[in-house]
Amino acid sequence: MRLVDANIIDVRNSYYYNLGHIDGAKNIPYYNLLNNYKYYINKYNVYYLYCDTGEQSLEVVNRLNSFGYNTVNIIGGYEAYLKVFG
């Protein structure tokens, strides 16, 4: 299932992204996104972030939102996604 027109970012490293990811998600590893967020995202769009369990992506979301970005954590991360969409 693909979330149409959603800006989905997988903050896991490329190894785990290549093993499986949410359809349509872009892979921007945790540290790359935190260190270069102005390159990857803008303040005019909404971005949905996830990791394996939702913990690392929540850290990124909190940081980016404190800078004025509009990001949302996917609660439960990729593990929760797999439980629902298999």
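Tutor: Two strands count as paired if DSSP finds at least two bridges between them; helices (H or I, at least four residues) and strands (E, at least two) are DSSP runs, numbered from the N terminus. Before we start, note that this is a predicted model, in which local features need pLDDT of at least 70 and side-chain atom pairs count only at pLDDT 80 or more, while totals for chains, interfaces and linings use all residues. Residues are numbered from 1 along each chain as its sequence is written, and side-chain values use heavy atoms, leaving out hydrogens and water.

Student: Happy with that. In what order do the strands form the sheet?

Tutor: In general, the strands of a sheet pair through backbone hydrogen bonds, either parallel or antiparallel. Here four strands make an open sheet, ordered β2-β1-β3-β4, with parallel pairing. At the edges lie β2 (26-27) and β4, each of which pairs on one side only.

Student: How many bridges join β1 and β3?

Tutor: Four, in the parallel sense; I9 stands opposite L49 of β3. Strand β3 (residues 46-50) also pairs with β4, again parallel and over four bridges. Try following the partners in β4: V46 is bridged to N70, Y47 to T71, and L49 stands opposite N73.

Student: Which way do the side chains of β4 point?

Tutor: They alternate along residues 70-73. T71 and N73 point to one face and are buried (under 20% relative accessible area; exposed is over 50%, partly exposed in between, with a 1.4 Å probe and protein chains only). N70 and V72 point to the other face and are not buried. To get from β3 to β4, the chain passes through α3, a β-α-β crossover that is right-handed (with the strands pointing away from the viewer, the path from the first strand over the helix to the second runs clockwise).

Student: Let me pick a residue in that helix. Where does S57 lie, and why does S57 count as buried?

Tutor: S57 sits in helix α3, residues 55-66. It counts as buried because its relative accessibility is 0%. Leaving out residues up to four places away in sequence, S57 touches V11, L49, Y50, C51 and N73, where contact means heavy atoms within 4.5 Å. You have met two of these already: L49 and N73 stand opposite each other in the β3–β4 pairing.

Student: Now charges. How many salt bridges does the structure hold?

Tutor: Look for a side-chain nitrogen of Lys or Arg within 4 Å of a carboxyl oxygen of Asp or Glu. The structure holds two such bridges. One joins D10 to R12, with the closest N and O atoms 2.7 Å apart; the other joins R12 to D52 at 3.2 Å, N to O. That second pair links distant parts of the chain, 40 residues apart: R12 is in the loop between β1 (7-10) and α1 (14-19), D52 in the loop between β3 and α3. Through shared partners, D10, R12 and D52 form one network.

Student: Are these residues buried or exposed?

Tutor: D10 and R12 are both buried, R12 with a relative accessible area of 5%. D52, at 30% relative accessibility, counts as partly exposed.

Student: Last stop, the surface. Which residue of helix α1 is worth a click?

Tutor: Try L19, which is found in helix α1. L19 counts as exposed because its relative accessibility is 59%.
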